[in-house]
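Got the viewer open? Here is a short tour, stop by stop, with what to select and what turns up there.

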Amino acid sequence: MGLLLKVHSLNLRGIKGNALTKDIGLLLLRVVTGTGFVFLFEKVLPRGGVWGPEEWFVTNVAAMGFPLPLVFAWMAVLSEFVGGLLIIGGMWTRYAAAINTVVTFVAAFIFHGGAVTGSGFSATLFFVLCLTLTISGPGRFSLDAQRAISLRRLESGLKGTNRGSIDPLVQPSL
């Protein structure tokens, strides 16, 4: 009977108060999303010894009416590749995800005309994934979280010291 209640609790109400499962879910979401950007949308990796966006991609950017299509193509492929790496590690996650939300929005709703099936499916899917990470953040298993923990420890350690001795802008009292 106890096991049945636990299964019922998992299926209908989620795991109440268990942040661990949410953080594991965000970790999986980050790894899948970032890996997709790095390897699925790998327009920046070298082909034939040439780095950067391929000619077909620059042509598509120009066809959407962007000025300086080569510059915008480079911005898109760098945001996907570098942003994907940042998302995987959970470093500056919300910024990387927000930038890629814009990039995938353009791909899904301008280039593919909002077609959520067929050729526009992956762009729409990655738009939703990036929007989710922008809203939720990276979770506890991320470099962002570790940086926040380190900063809190540093700040709490400084509260008990004489700040005048470590802050060059504050004159020690005589």
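Select H4 (69–89) and H5 (93–111) to begin: these two helices pack at an angle of about 145 degrees, with their axes 9 Å apart. Helices here are DSSP runs of H or I with at least four residues, numbered from the N terminus. Axes are lines fitted to C-alpha atoms over the stretch in contact, and angles run from 0 to 180 degrees between N-to-C directions. The crossing of H4 and H5 is left-handed, meaning that the near helix is turned anticlockwise from the far one by less than a right angle. Show side chains for the contact (heavy atoms within 4.5 Å): H4 brings Ala76, Ser79, Glu80, Gly83, Gly84, Leu86 and Ile87, and H5 brings Thr93, Ala96, Ala97, Ile99, Asn100 and Val103.

A word on what you are looking at. The model is predicted, so local features need pLDDT of at least 70 and side-chain atom pairs count only at pLDDT 80 or more, while totals for chains, interfaces and linings use all residues. Residues are numbered from 1 along each chain as its sequence is written, and side-chain values use heavy atoms, with hydrogens and water left out.

Keep H5 and add H6 (121–136): the angle for this pair is about 155 degrees, with the axes 8 Å apart. H5 and H6 are therefore roughly antiparallel, the label for angles over 145 degrees. Among the residues making this contact are Ala97, Thr101, Phe105 and Phe109 of H5, and Phe126, Phe127, Cys130 and Leu131 of H6. H5 passes H6 in a left-handed crossing as well.

Now hop back to H3 (55–63). Which of its residues are buried? Pick Phe57, Val58 and Val61; buried means under 20% relative accessible area, with a 1.4 Å probe and protein chains only. These three sit on the same side of H3, because they cover an arc of only 100 degrees around the axis, taken from the directions to the C-beta atoms. H4 is part of what covers them. Spin to the face turned away and you find Glu55 and Ala63, both exposed (over 50%). Just after H3, click Gly65: its phi is positive, near 95 degrees.

Finally, zoom out. The chain has eight helices and zero strands, and 29% of its 174 residues are buried. Among contacts between residues at least 6 apart in sequence, 60% join residues at least 24 apart.

How values were computed:
Parallel < 35°, antiparallel > 145°, perpendicular 65-115°, else oblique.
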